[in-house]
Amino acid sequence: MWDANKIEVAALLKKNGKRVGVLAMQYAGVKSQFSGIWKVEEAGVYEAIVYAYDPANGNTGVDSVTFSVNYKN
């Protein structure tokens with residue numbers, strides 16, 4: 001079993017193909033789940049490219065999701 005505290009997990013956040021942030025994620029206390037909080041500044045269609053990296057052996061996993069934000073001040 002791997003130690004979740006030794007795995008680097010982050011989401012690269014994009015809007016219209018341009019990077020708008022990087023979200024470091026922490027172990028969420030449930031097997032295979034990580035979480036983080038990112039403040040949305042404006043409405044639009046975003047992409048999150050999430051990766052997990054184990055520096056001890058170089059193992060890496062990547063996935064992405066597209067999501068829409070409807071936001072009003």
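Leaving aside its neighbours within four places in sequence, which residues is lysine 15 in contact with? We'll get there in Exercise 3. The structure above is a predicted model, so let's start with the whole chain and work inwards.

**Exercise 1. Get to know the chain: list its elements, then describe its extent, surface and charges.**

Step 1. Count the elements: the chain has five strands and zero helices. Going along the sequence, you read β-β-β-β-β.

Step 2. Look at the extent. The C-alpha trace spans about 45 × 25 × 15 Å along its principal axes.

Step 3. Turn to the surface. The accessible surface is about 5,500 Å², and 51% of that belongs to carbon and sulfur atoms. Of the chain's 73 residues, 25% count as buried.

Step 4. Tally the charges: you'll find 8 positive and 7 negative side chains, with the centres of the two sets 7 Å apart.

Step 5. Check how contacts reach along the sequence. Take the contacts between residues at least 6 apart: 42% of them join residues at least 24 apart.

**Exercise 2. Work out how the strands are arranged in the sheet.**

Step 1. Put the strands in order. The sheet is open, it has five strands, and the order is S3-S2-S1-S4-S5 with antiparallel pairing.

Step 2. Find the edges. Strand S3 (34–35) and strand S5 (60–69) are the edge strands, each pairing on one side only.

Step 3. Follow S1 to one partner. Strand S1 (residues 8–15) and strand S4 (residues 44–53) run antiparallel and are joined by eight bridges.

Step 4. Follow S1 to its other partner in the order. Seven bridges link S1 with strand S2 (residues 18–27), again in antiparallel fashion. Here leucine 13 stands opposite glycine 21 in S2.

**Exercise 3. Describe the surroundings of lysine 15, and decide: is it buried or exposed?**

Step 1. Place the residue. Lysine 15 belongs to strand S1, and tyrosine 46 in S4 stands opposite lysine 15.

Step 2. Answer the opening question. Setting aside neighbours within four places in sequence, lysine 15 touches Val20, Glu42, Ala43, Gly44, Val45 and Tyr46.

Step 3. Pick out a polar contact. The side chains of lysine 15 and glutamate 42 make one, at 2.3 Å.

Step 4. Decide on burial. The cut-off for buried is under 20% relative accessible area. Lysine 15 has a relative accessible area of 14%, so it is buried.

**Exercise 4. Two residues that aren't glycines have a positive phi: asparagine 16 and serine 32. Where do they lie, and are they buried or exposed?**

Step 1. Start with asparagine 16. It's in the loop between S1 and S2. The hairpin of those strands has two residues between them, and asparagine 16 takes its positive phi near 55 degrees there.

Step 2. Move on to serine 32. Its phi is about 65 degrees, and serine 32 sits in the loop between S2 and S3.

Step 3. Apply the cut-off for exposed, which is over 50%. Asparagine 16 has 68% relative accessibility, so it counts as exposed. Serine 32 has a relative accessible area of 54%, so serine 32 is exposed too.

Notes: Residues numbered from 1 in each chain as written. Predicted model: local features only at pLDDT ≥ 70, side-chain atom pairs only at ≥ 80, totals over all residues. Heavy atoms only, no water. Pairing = 2+ DSSP bridges. Helix = DSSP H or I, 4+ residues; strand = E, 2+ residues; numbered from the N terminus. Buried < 20%, exposed > 50% of the residue type's maximum accessible area, 1.4 Å probe, protein only. Polar contact = N/O pair within 3.5 Å; in protein donor to acceptor, adjacent residues only side chain to side chain. Contact = heavy atoms within 4.5 Å. Areas by Shrake-Rupley, 256 points an atom, 1.4 Å probe, with all protein chains shown as cover. Lys, Arg positive; Asp, Glu negative; His and termini not counted. Charge placed at Lys NZ, Arg CZ, Asp CG, Glu CD.
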